[in-house]
Amino acid sequence: LLHWQVKLPVIRSPRLPPISYGQQQKLALLRVFGLNSPILFLDEPLSNLDKKTQENVVAYIRKLKGEKTILVVMHSDELDEAADSVIYIENKKLIQK
């Protein structure tokens, strides 16, 4: 396994500045995309992101196609055309389209 260290600045403030939900989502996605895992699970990956960032995330997920298995759970259809398979829940049943 390859390990590396990242030096982060020491924050001496007793409180960290609050960050927006969009910033939290970006950090979470960076953490997941930075994993050296063959399988990624993404829950609402585009929520709380601005349009440009959403487009960048969709493009990056498309780029990963064929390299990783990606399971995405979301209410919208932005990634449907990039998916090998789409499963909907309708009337408490799983339906593959």
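## Largest pocket

In this predicted model, strand S2 supplies the largest share of the lining of the largest pocket, five residues. Helix H2 (51-64) and strand S3 (87-90) join S2 as the elements that give two or more residues to that lining.

The volume of the largest pocket is about 910 Å³. Its lining comprises 27 residues, and those nearest the centre are Leu71, Val72, Ala83, Ser85 and Val86. By residue type, the lining divides into 14 nonpolar, eight charged and five polar residues.

## Nonpolar surface patch

Strand S2 (69-73) also contributes to a nonpolar patch, as does strand S1 (39-43); each supplies at least two of the patch residues. The patch lies on the surface and is formed by Ile39, Phe41, Leu71 and Val73, which together have about 400 Å² of accessible area. Leu71 thus appears both in this patch and among the residues nearest the centre of the largest pocket.

Val73 belongs to strand S2. Its relative accessibility is 48%, so Val73 counts as partly exposed, the exposed class being reserved for values over 50%.

## Positive phi angles in loops

Two residues other than glycine with positive phi are Glu44 and Asn91. Glu44 has phi near 50° and sits in the loop between S1 and H2.

For Asn91, phi is about 50°. Asn91 is placed in the loop between S3 and strand S4 (93-96). Asn91 is exposed because its relative accessible area is 74%, and the cut-off for that class is over 50%.

Notes:
Residues numbered from 1 in each chain as written. Predicted model: local features only at pLDDT ≥ 70, side-chain atom pairs only at ≥ 80, totals over all residues. Heavy atoms only, no water. Patch = residues over 30% accessible without salt bridge, like charges linked within 9 Å, V, L, I, M, F, W, Y side chains within 5 Å. Areas by Shrake-Rupley, 256 points an atom, 1.4 Å probe, with all protein chains shown as cover. Salt bridge = Lys/Arg side-chain N within 4 Å of Asp/Glu carboxyl O. Helix = DSSP H or I, 4+ residues; strand = E, 2+ residues; numbered from the N terminus. Buried < 20%, exposed > 50% of the residue type's maximum accessible area, 1.4 Å probe, protein only. 1 Å grid on protein atoms, 1.4 Å probe; cavity = no way out; pocket = protein on both sides within 12 Å on 5 of 7 lines; lining within 4 Å. Points joined across faces, edges and corners; volume = space filled by probe spheres on them. Nonpolar A, V, L, I, M, F, W, Y, C, P; charged D, E, K, R; others polar.
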